[in-house]
Amino acid sequence: SGDCRPSDALVRAGAGCRVLIHEATFEAPLQEHARRKRHCTAQEALQVAEEMKAQHILLTHFSQRYPKAVDIELKDSLSVCVAFDGMKVSSRLFHHLSTLLQATQEVLQIVKEETSELTEI
């Protein structure tokens, strides 16, 4: 997908796909903002992937308001990964990417906590 809102037409076109690459510009609490800007939240992108019955989803196109990546609630039914600028992924390694996302989220949480502590000083 490109810059878009969730779409039944996209779900039909990609039904049963192996890999869905979908924009996830905003976090879930900003759903109304995403709607106005004609973008998706990460949760909406994951919902599209579930409706498509995609095997894997690679989330891209994050708002610059997020220093690293958006907060994502993982779903057991999906293999989820976050794309970074310049990232290259071999399709045969896609099933390993969800473990990368979990590690990335843990590191980002530590950075967020440390940044919060610095702000409080």
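These exercises, with worked solutions, concern a predicted model.

**Exercise 1. The sheet**

Task: Work out which strands form the sheet, in what order, and how they pair.

Solution:
- Start with the overall layout. Three strands, ordered S1-S2-S3, make an open sheet.
- Check the direction. The pairing is parallel.
- Find the edges. Strand S1 (19-23) and strand S3 (79-82) are the edge strands, and each pairs on one side only.
- Add the twist. From one strand to the next it averages 20°.
- Look at one pair in detail. Strand S2 (residues 56-60) runs parallel to S3, and 4 bridges join them.
- Pick out a facing pair. Ile 57 is opposite Val 80 in S3.

**Exercise 2. Helix H3**

Task: Find where helix H3 (residues 42-52) lies, and explain why H3 is described as largely enclosed.

Solution:
- Place the helix. H3 lies across S1, S2 and S3. Its direction is at about 155° to S1.
- Count the buried residues. Of the 11 residues of H3, 8 are buried, so the rest of the structure largely encloses this helix.
- Name them. The buried residues are Ala 42, Gln 43, Glu 44, Ala 45, Leu 46, Val 48, Ala 49 and Met 52.
- Identify the cover. It includes helix H1 (8-13), helix H2 (31-37), S1, S2 and S3.

**Exercise 3. Two positive phi values**

Task: Locate Arg 38 and Lys 53, then describe their backbone and exposure.

Solution:
- Recall the background. Most residues other than glycine have a negative phi.
- Take Arg 38. Its phi is positive, near 65°. Arg 38 sits in the loop between H2 and H3. Its relative accessibility is 59%, so Arg 38 counts as exposed, the cut-off being over 50%.
- Take Lys 53. This residue comes just after H3, in the loop between H3 and S2. Phi of Lys 53 is also positive, near 65°. With a relative accessible area of 64%, Lys 53 is exposed.

**Exercise 4. Cysteines**

Task: Decide how many disulfides the structure holds, and whether Cys 17 and Cys 40 are buried or exposed.

Solution:
- Count the disulfides. The structure holds 0.
- Test Cys 40. The nearest cysteine sulfur belongs to Cys 4 and is 4.7 Å away. A disulfide needs the two sulfur atoms within 2.5 Å. Cys 40 is therefore in no disulfide.
- Judge burial. The cut-off for buried is under 20% relative accessible area. Cys 40 has 0% relative accessibility, so Cys 40 counts as buried. Cys 17 has a relative accessible area of 18%, so Cys 17 is buried too.

Methods
Residues are numbered from 1 along each chain as its sequence is written. This is a predicted model: local features need pLDDT of at least 70, side-chain atom pairs count only at pLDDT 80 or more; totals for chains, interfaces and linings use all residues. Side-chain values use heavy atoms; hydrogens and water are left out. Buried means under 20% relative accessible area, exposed over 50%, partly exposed in between (1.4 Å probe, protein chains only). Two strands pair if DSSP finds at least two bridges between them. Axes are lines fitted to C-alpha atoms, for helices over the stretch in contact, and angles run from 0 to 180 degrees between N-to-C directions. Contact means heavy atoms within 4.5 Å.
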